[in-house]
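Me: Please take a close look at the aromatic ring pairs. I want the geometry and then what surrounds the rings. Keep the cut-offs explicit.

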Amino acid sequence: MAMPRPYSRKQALQNAAFLRVLAQTGNARDAARSLGLNRSMLTKRRNADPDFAQRWEAAQVVAANRIADPDLPPGEARVVRSAGRLQLRMPGKGRHIDLAAEQIFLSALSATANVRLAAKAAGFAHSSFYARARTHPGFAREMRLALAQGCERLEMALLEDSTPEANTHDHWRHNDPPPIPRMTAAEALQAMAMHRRPQHSSVDPDIWRKRGESSDAWSERRRREHAIERAREAEDARLIDYARSQAGAKRSEFEPPAPLVPPLEQVAWRDKERTVTEEGKGLFGGKGFGSG
């Protein structure tokens, strides 16, 4: 049997809308008229497409059941496998994944790339959607595409979030720094030496090959380090350009409040809380300096 010509998206949406109305009324002529569609056009599609013809007949059966039993719960009829064969079933009292739930799940998945979260948004267990994907190739395809789109959107969001112009992580820079905790002079010098050594060292210790390091490994390591250095220089240049472009701008009314930083003297390096009990005591012991 020759396969029917594939529908365009517009034609597929027309067919779906017609079948939804037909499942409520059972009258094809009235369903087509209510949607502004030509009934003869739909009839031609029915004659050329066995799948559309079967769905047409199923919709009329569903409508007949609804007319005979007005107490039937709302929802779409679904195709299930029973005793090794497929059959059409009316919606029962239990909740089942219908087209609306599918669309909610796929839409949420395209935004989160998280199957569990998207399933919760649709009101079903994530295992139910995995089971549906195993038995419905079309839904499996859309689930795969939604997941790929979600991952791509999150990646793009992270890239946008990381640019200097994003202003996402720089709120702290618009506030006065917190007081310096008490520390000894030796501790202050050690902290500065640890963080400024690469900038002030006359010789980069990593420029030489390490013991046991091959020439290829050394070259690759130096290539990566050089690329990171160039990327940081480019980011610093963008920061400078952006700061210049924002010079003279008025403070926004939506400026976030200053972050609530606990007294740094009380911050412990471990889980145990540190308490400074003696006046002038350094954070690590010894005579301290700086504001408290």
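Reply: **Aromatic pairs and their surroundings**

Searching the whole structure gives 7 aromatic pairs (Phe, Tyr or six-membered Trp rings with centres within 6.5 Å; planes under 30 degrees apart are stacked, over 60 edge-to-face, the rest tilted). Take Phe-18 and Phe-52: their ring centres are 6.4 Å apart and their planes meet at 55°, so this pair is tilted. Phe-18 sits in helix α1 (residues 9-25) and Phe-52 in helix α4 (residues 50-68), so the pair ties together parts 34 residues apart in sequence. Helices are DSSP runs of H or I, at least four residues; strands are E runs of at least two; both are numbered from the N terminus.

The model is predicted: local features need pLDDT of at least 70 and side-chain atom pairs 80 or more, while totals for chains, interfaces and linings use all residues. Residues are numbered from 1 along each chain as its sequence is written, and side-chain values use heavy atoms, without hydrogens or water.

Both Phe-18 and Phe-52 are buried (under 20% relative accessible area; exposed is over 50%, partly exposed in between; 1.4 Å probe, protein chains only). Phe-52 also pairs with Trp-56: the centres are 5.8 Å apart and the planes at 70°, so this pair is edge-to-face. Phe-52 and Trp-56 share helix α4 and stand 4 residues apart, about one turn of the helix. Phe-52 has 3% relative accessibility, so it counts as buried. Trp-56 is buried too, at 0% relative accessible area. Trp-56 has a further partner: Arg-46 lies over its face, 4.7 Å from the ring centre (CZ of Arg or NZ of Lys within 6 Å of the centre and 35 degrees of the normal).

Now the other group of rings. Phe-105, Phe-124, Phe-129 and Phe-139 are linked into a cluster by ring pairs. These four appear again in the largest nonpolar core, which has 16 residues (buried Ala, Val, Leu, Ile, Met, Phe, Trp, Tyr and Cys joined through side-chain atoms within 4.5 Å). Leu-106, Leu-109 and Met-143 are also among the residues with the most contacts inside that core. Elements contributing two or more residues to this core are α5 (99-112), α6 (115-122), α7 (126-135) and α8 (137-161). The top contributor is α5, with 5 residues.

Met-143 shows the packing residue by residue. Beyond its neighbours within four places in sequence, Met-143 contacts (heavy atoms within 4.5 Å) Phe-105, Leu-106, Leu-109, Val-115, Phe-129, Tyr-130 and Ala-133. Apart from the 16-residue core lies another one, of 13 residues. Phe-18 and Phe-52 are among its members, as are Ala-32 and Leu-42.

Each core has a helix worth following. Start with α6. Its buried residues are Val-115, Ala-118, Ala-119 and Ala-122. They span an arc of only 100° around the axis (taken from the directions from axis to C-beta atoms), which puts them on the same side of α6. Those buried residues pack against α5, α7 and α8. The face turned away from the buried side carries Arg-116 and Lys-120, both exposed. Just after α6, Gly-123 adopts a positive phi of about 90°.

Then α2 (residues 28-35). Here Ala-28, Ala-31 and Ala-32 are buried. Viewed down the axis, the buried residues of α2 fall within an arc of 95°, so they line one face of the helix. Arg-33 and Ser-34 are exposed on the other side of α2. Gly-36 follows just after α2, with a positive phi of about 75°.

Back on α1, the helix of Phe-18, Gln-24 gives a contrast. Gln-24 is located in helix α1. At 52% relative accessibility, Gln-24 counts as exposed. Gln-24 still has partners outside its neighbours within four places in sequence: Ala-63 and Arg-66. Its C-alpha atom is 8.6 Å from that of Ala-64, which lies 40 residues away along the chain.

Finally, the whole chain. It holds 10 helices and 2 strands, in the sequence order α-α-α-α-β-β-α-α-α-α-α-α. Of its 292 residues, 20% count as buried. Of the contacts between residues at least 6 apart in sequence, 52% join residues at least 24 apart.
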